[in-house]
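Trainee: I would like to learn how to read a structure like this one. Could you walk me through it, feature by feature?

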Amino acid sequence: MIDEILFYADIAIVVLLVVSFIFIVLSKKYEEKKESISIVLAGLIFLLIVLLINFSGYFFSGIVLSYLDITSRLVFVPLMGICFISFLILLRD
Amino acid sequence: MVLDILLVIQKYVTALLFLIAIVLWFALRVKKVGREFNLRYALDFVFLIGLIFIIDLFSSYSIYVGIANKFLLLFITIVLFLLTLINFRRRKIIRERTLRDVADHEMENPLKKEIDRAVFTPKFRELDKIKGELKKEQSKLDRREDKIKFKEKEIEKELRELESREKEFENSRDDFVNKEKDLKKFEKDLMQMKDDLERRGHDLEYLRKSLEKENEGIKKRKEKYKDREENLLKEYDKLDNERDEVLTERGRLKKELNKIEKDRIKLEQLKNEVVEKKKDLDLQKNRLNKYEKELETKLEK
């Protein structure tokens, strides 16, 4: 029961993030500092990739999943963090 | 083993990165930096996503922490979605209203005045400048027009002259056409002549080549004849020498022949003498024979 709820929660998270991403892209034309928002959007893309890899745990298992997990942890998560920090540095300057 | 340790360290590094990001963002928000962002409330929740990676550090202690983490993420994404949706719709409505106000002539709008000041007033100034320049250009053009009219009259005169010349030209053109026809004929003839000349040229070239070949043959023959002439001259010299030798030999032989002739005459004389002596001897023999016969007869008797 709890697994099913978690599965649907994962789907909902991914879908909501994708829709939010689209709305941020559409709202970009009303923003003045568009390049800063672009960096946030890049960070959100990496987050989406990480979440999709987590979501793929329902379909894959074993070595494939462990490789995907390692890639997401070692590559995409730090990239997401770097994007957000770059955005903040740009904003402060 | 090493990879596991690396992954654990990565977890802490990621948590630290996001902690720094969250702290920085909210510190900037306190200082009211980034107020120009319409999406700043949505960005609050984007940065709060980093909390998940921080809380994820404690997921190994209990399963419920992981589940709570997932629900927290769901909550953050729902709020993020709502905020982005609301922000988008609000901004869209505001932008549409602003555009409508700007487009409406009767409505008073501070943006209109700003646009007037920022965009239209400099443009009008530029237009005034351009207008002044255009007036100057117009006066220049008027002056040029007068000049052009004067020139136009001159051109009309020239045109009349040209018309008279044109008539002359038409007359001369007929002559020219006739001459052109003649020229074309002449050109055709020339072309034919050219073809003939080319053919002859080819023939001459062929003849020249054959003559060259023959010339080479003659040269070779000449060389052969020279060699032969030299050989003949050598043989002639030889023959000359031999002829001299023969002549000397003939002189010698003539002398010998004279000698022989003299000897023959002597021999003839000797022969005659011998014949006479023989005749004498024969006579003597006959006489002796007669005597002998007489003797025999006498003896018999």
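**Reading the model together**

Mentor: Gladly! Let's begin with a single contact: the side chain of A:Ser20 reaches the backbone oxygen of A:Leu16 at 2.7 Å. Keep in mind that this is a predicted model.

Trainee: Where does A:Ser20 lie? And is A:Ser20 buried or exposed?

Mentor: A:Ser20 sits in helix α1 of chain A, which covers residues 2–27. To judge burial, we look at relative accessible area, and under 20% means buried. A:Ser20 has 1% relative accessibility, so it counts as buried.

Trainee: How many helices and strands does chain A have?

Mentor: Chain A has 3 helices and 0 strands. Read from the N terminus, its elements run α-α-α. Chain A has 93 residues, of which 44% count as buried.

Trainee: Let's turn to charges. How do I recognise a salt bridge?

Mentor: Look for a side-chain nitrogen of Lys or Arg within 4 Å of a carboxyl oxygen of Asp or Glu. Over all chains, a search of the whole structure finds 10 salt bridges. One of them pairs A:Asp10 with B:Lys70, at 3.3 Å from N to O.

Trainee: Why does the pair of A:Asp10 and B:Lys70 join two chains?

Mentor: Because A:Asp10 belongs to helix α1 of chain A, while B:Lys70 belongs to helix α4 (residues 63–103) of chain B. As for accessibility, A:Asp10 counts as buried at 10%, whereas B:Lys70 is partly exposed at 25%.

Trainee: What about a salt bridge inside one chain?

Mentor: Try B:Asp44 and B:Arg29, whose side chains meet in a salt bridge at 2.9 Å, N to O. B:Asp44 is in helix α2 (residues 40–48) of chain B and B:Arg29 in helix α1 (residues 2–30) of chain B, so this pair ties together parts that are 15 residues apart in sequence. B:Asp44 counts as buried, with 9% relative accessibility, and B:Arg29 counts as partly exposed, with 23%.

Trainee: How many residues apart are B:Arg208 and B:Glu212?

Mentor: They are 4 residues apart in helix α5 of chain B, which means about one helical turn separates them. Their side chains form a salt bridge at 2.5 Å, N to O. Both count as partly exposed: B:Arg208 has 38% relative accessibility and B:Glu212 has 39%. Salt bridges with shared partners also link B:Glu205, B:Arg208 and B:Glu212 into one network.

Trainee: Which residues gather in a patch of negative charge on the surface?

Mentor: The patch is formed by B:Glu163, B:Glu166, B:Glu170, B:Asp174 and B:Asp175. A residue needs over 30% relative accessible area and no salt bridge to be part of a patch. Take B:Asp175 as an example: its 45% relative accessibility makes it partly exposed, and it is found in helix α5 (residues 110–300) of chain B.

Trainee: And which residues make the nonpolar surface patch?

Mentor: A:Leu74, A:Val75, A:Leu79, A:Ile82, B:Leu3 and B:Leu6 make a nonpolar surface patch of about 440 Å². Helix α3 (63–92) of chain A and α1 of chain B each supply at least two residues of this patch. The largest share, 4 residues, comes from α3 of chain A.

Trainee: Is B:Leu3, from that patch, buried or partly exposed?

Mentor: B:Leu3 has 38% relative accessibility, so it counts as partly exposed. You can find B:Leu3 in helix α1 of chain B.

Methods
Residues are numbered from 1 along each chain as its sequence is written. Chains are lettered from A and ligands numbered from 1 in the order in which they are written. This is a predicted model: local features need pLDDT of at least 70, side-chain atom pairs count only at pLDDT 80 or more; totals for chains, interfaces and linings use all residues. Side-chain values use heavy atoms; hydrogens and water are left out. Patches are made of residues with over 30% relative accessible area and no salt bridge: like charges are joined within 9 Å, nonpolar side chains (Val, Leu, Ile, Met, Phe, Trp, Tyr) within 5 Å. Accessible areas come from the Shrake-Rupley method with a 1.4 Å probe; for residues, only the protein chains shown count as cover. Lys and Arg count as positive and Asp and Glu as negative; His and the chain ends are not counted. The place of a charge is taken as NZ of Lys, CZ of Arg, CG of Asp or CD of Glu. Buried means under 20% relative accessible area, exposed over 50%, partly exposed in between (1.4 Å probe, protein chains only). A polar contact is a pair of N or O atoms within 3.5 Å; within protein, one must be able to donate a hydrogen and the other to accept it, and residues adjacent in sequence count only if both atoms are side-chain atoms.
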